[in-house]
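Q: Please examine one part of this model closely: the second largest pocket, its lining, and the parts of the fold around it. A connected account is preferred to a list.

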Amino acid sequence: MSYRVVEKFVSVNGEGKRSGQLAIFIRFAGCNLRCTYCDTMWANKDDVAYTAMSKEEIYEYIKGTGVNNVTLTGGEPLIQAGMDDLLDYLCRDSELTVEIETNGSVDIGNFSEINGNKPKFTMDYKLASSGMENRMLLNNFTKLSNEDTVKFVVGSVEELHKAKFLIDRYRLLDRCSVYFSPIFGSIEPETIVEYMKDNVLNNVVLQLQLHKIIWSPDKKGV
Ligand code: SF4
């Protein structure tokens, strides 16, 4: 079994609970969605150049860096054939913290029974401006635990209302971490802060995409 890896590098985690910490990124080819604001569409093209890597090769690369946070991303990493096997292999190493950035359209329940050190999900909920909201699996909300994160990718006040509705309906703040992440260029972070204040959204975290602050918004490999 080999995996289609389009990028692998060490940087700082830009999202989720370990934001700001060093992490190894393994980016896999392909995505089942086509969000209007996607900034990694190049990785989703059928003819994208990739390196075929076995789970052993991926593990050796990770261990060779000496960094313990691992972020599996894409594209959509959970649609890679054999991802359960790779997760099982990586999670046996208790020094590693394995995090999966997933787009909310794949059933995470298929990947939660992993031996060893359970992987952590940072799961997006794509709101209307993505054009993909009808692909979101609401049932995923019931499968999250306190090591996991839901990230609402918001582009307008209407989308903040929808996010709040879902937070309340699925009692997300009792289950996991909840983040608001602005769509770059669509909504000002200040508007989100005002919304959080007006609605007293205790424990919701505003998350700015660190990579877009530190580097140019379209820089790859960071
Ligand atoms: S889910 Fe992520 S990678 Fe896939 S199209 Fe949307 S933004 Fe791009």
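A: The account below begins with the chain as a whole, turns to the sheet, and then treats the pocket and some local backbone features.

The model is predicted. Its protein chain contains 6 helices and 9 strands. The radius of gyration is 17 Å, close to the 17 Å that the globule rule gives for 222 residues, so the chain is as compact as a globular protein of that length. Measured out along the principal axes, the C-alpha trace spans about 50 × 35 × 30 Å.The strands form an open sheet of 9 with mixed pairing, in the order S3-S1-S2-S4-S5-S6-S7-S8-S9. Strand S3 (51–53) and strand S9 (204–206) stand at the edges; each has a single partner strand, so one side of each is left without a neighbour in the sheet. On average, and with direction ignored, neighbouring strands of this sheet are turned by 30° against each other. Within the sheet, strand S4 (residues 69–73) pairs with strand S5 (residues 97–102) in the parallel sense over 4 bridges, and Leu 72 stands opposite Ile 100 in S5.

The second largest pocket has a volume of about 180 Å³. Two elements give two or more residues each to its lining, namely strand S8 (177–182) and helix H6 (210–214). The lining comprises 13 residues, and those that lie nearest the centre of the pocket are Pro 182, Phe 184, Gly 185, Pro 189 and Leu 208. By class, the lining of this pocket has 7 nonpolar, 4 polar and 2 charged residues.

Strand S8 also takes part in a helix packing arrangement. Helix H5 (residues 189–198) lies across strand S7 (149–154), S8 and S9. The helix runs at about 160° to S9. Pro 189, one of the residues nearest the pocket centre, falls within the range of helix H5, residues 189–198.

Two points of the backbone deserve separate mention. Val 200 is placed in the loop between H5 and S9. Phi of Val 200 is near 45°, a positive value in a residue other than glycine. Elsewhere, a cis peptide bond joins Gly 74 and Gly 75, with omega about 15°. Gly 75 is found in the loop between S4 and helix H2 (83–91), and strand S4 is the partner of S5 in the parallel pairing described above.

Key: Residues are numbered from 1 along each chain as its sequence is written. This is a predicted model: local features need pLDDT of at least 70, side-chain atom pairs count only at pLDDT 80 or more; totals for chains, interfaces and linings use all residues. Side-chain values use heavy atoms; hydrogens and water are left out. On a 1 Å grid over the protein atoms alone, a cavity is a set of points where a 1.4 Å probe fits but cannot get out, and a pocket is an open set with protein on both sides within 12 Å along at least five of seven lines; lining residues have an atom within 4 Å of a point. Grid points are joined across faces, edges and corners, and a volume is the space filled by probe spheres set on the points. Ala, Val, Leu, Ile, Met, Phe, Trp, Tyr, Cys and Pro count as nonpolar, Asp, Glu, Lys and Arg as charged, and the others, Gly among them, as polar. Two strands pair if DSSP finds at least two bridges between them. Axes are lines fitted to C-alpha atoms, for helices over the stretch in contact, and angles run from 0 to 180 degrees between N-to-C directions. Contact means heavy atoms within 4.5 Å. The radius of gyration is taken over C-alpha atoms; the globule rule is 2.2 Å times the number of residues to the power 0.38.
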